[in-house]
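The following exercises concern the chain shown below. Each consists of a task and a solution that proceeds step by step.

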Amino acid sequence: MHSRRVDQIRDGGVVAILRGVAPESAIDVATAVVDGGVTALEVTADTPNVAETIDALSDRFDDVLVGAGTVLDAETARAVQLAGAEFLVTPTVDGGVIETGTRYGTPVATGAFTPTEAVRAYEAGADFVKVFPAATGGPEHVAALGGPLPQIPLVPTGGVGPANAGEYIEAGAAAVGVGSAIVDDDAVANEEYETIAENARRTVDAVASGRDR
């Protein structure tokens, strides 16, 4: 199960981040994202009623991974696991979250920016290193990290979208994490679900193009 989830994140190449989406809108928003070809959804732990949203999305989608992001500690990690989270994402290196994920067979993408942080996270058991904030260093930073550390799967997040996702993949990223460039706040508020689907579609296409280069 663990390896299947890791492979699905790698193969899909895009983790769409739902931050602050109300539970009553989450199904419609997620459906639009999935219609755009994304197969991994991350609901941030600071979203109101996050457990309810994760549970609802897990029930709704059979072939889509539903995980939790902005997981800051082991207690939160366990709570979202019990709600059905199939992967965990952190903004920082937290040994408790990694340990909790490993103990219960849940893949973890640990936030890091420097080579030292990346190695510490990977050695502690993280399955992916979330290069965050990606926009600070851009694709060049991802390439620089991947040069001496090719064994670590990198997932740049923060400032990534359809316009540059392919560049990050070409730089060596295993996948990308994408928030507002897919789940645009105005589109959510105005129920413009086709816009969200198109954002997702363009990002998935950009990742595919990056892999073909």
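**Exercise 1: The faces of helix H4**

In this predicted model, helix H4 (residues 74-83) has four buried residues, Ala77, Val80, Gln81 and Ala83. Determine how the buried residues of H4 are arranged about its axis, and identify what they pack against.

Solution.

Step 1. Viewed down the axis of H4, the buried residues lie within an arc of 160°, and they therefore line one face of the helix. A general property of α-helices is relevant: with 3.6 residues a turn, residues three or four places apart point the same way.

Step 2. The opposite face, turned away from the buried side of H4, carries the exposed residues Glu75 and Leu82.

Step 3. The partners of the buried residues are helix H3 (50-60), strand S3 (65-69), strand S4 (88-89) and helix H5 (95-103).

Step 4. The two ends of H4 may then be inspected. At its start, a side-chain oxygen of aspartate 73 comes to within 3.3 Å of the backbone nitrogen of glutamate 75. Just after H4, glycine 84 adopts a positive phi of about 115°.

**Exercise 2: Strands S2 and S5**

Establish which way the residues of S2 and S5 point, and whether they are buried or exposed.

Solution.

Step 1. In a regular strand, side chains alternate between the two faces of the sheet.

Step 2. In S5 (residues 108-112), five of the five residues are buried. Val108, Thr110 and Ala112 point one way, while Ala109 and Gly111 point the other way.

Step 3. In S2 (residues 40-44), five of the five residues are likewise buried. Here Ala40, Glu42 and Thr44 share one direction, and Leu41 and Val43 take the other.

Step 4. As for pairing, S4 and S5 run parallel and are joined by two bridges, with leucine 88 opposite valine 108. Strand S1 (residues 14-18) pairs with S2 in the parallel sense over three bridges, and leucine 18 stands opposite valine 43.

**Exercise 3: Two residues in their surroundings**

Describe the environments of threonine 70 and leucine 145.

Solution.

Step 1. Threonine 70 lies in the loop between S3 and H4. Its side chain makes a polar contact of 3.2 Å with the side chain of arginine 19.

Step 2. Apart from neighbours within four places in sequence, threonine 70 is in contact with Arg19, Glu42, Thr44, Ala45, Asp46, Val89 and Pro91. Of these, Glu42 and Thr44 are among the residues of S2 that point one way.

Step 3. Leucine 145 belongs to helix H7 (residues 134-146). Its relative accessible area is 4%, under the 20% limit, so leucine 145 is classed as buried.

Step 4. With neighbours within four places in sequence set aside, leucine 145 touches Phe113, Thr114, Pro115, Val131 and Leu154. By contrast, 24 Å separates the C-alpha atoms of leucine 145 and aspartate 205, which are 60 residues apart along the chain.

**Exercise 4: The chain as a whole**

Does the radius of gyration agree or disagree with that of a compact globule?

Solution.

Step 1. For 213 residues, a compact globule would have a radius of gyration near 17 Å; the chain has 16 Å, which agrees.

Step 2. The C-alpha atoms fill a box of roughly 45 × 40 × 30 Å along the principal axes, and the chain comprises 10 helices and seven strands.

Step 3. Buried residues make up 50% of the chain. Among contacts with a separation of 6 or more, 58% are between residues 24 or more positions apart.

Step 4. The accessible surface is about 9000 Å², with 48% belonging to carbon and sulfur atoms.

Terms used. Residues numbered from 1 in each chain as written. Predicted model: local features only at pLDDT ≥ 70, side-chain atom pairs only at ≥ 80, totals over all residues. Heavy atoms only, no water. Buried < 20%, exposed > 50% of the residue type's maximum accessible area, 1.4 Å probe, protein only. Arc of directions from axis to C-beta. Contact = heavy atoms within 4.5 Å. Polar contact = N/O pair within 3.5 Å; in protein donor to acceptor, adjacent residues only side chain to side chain. Rg over C-alpha atoms; globule rule 2.2 N^0.38 Å. Areas by Shrake-Rupley, 256 points an atom, 1.4 Å probe, with all protein chains shown as cover. Pairing = 2+ DSSP bridges.
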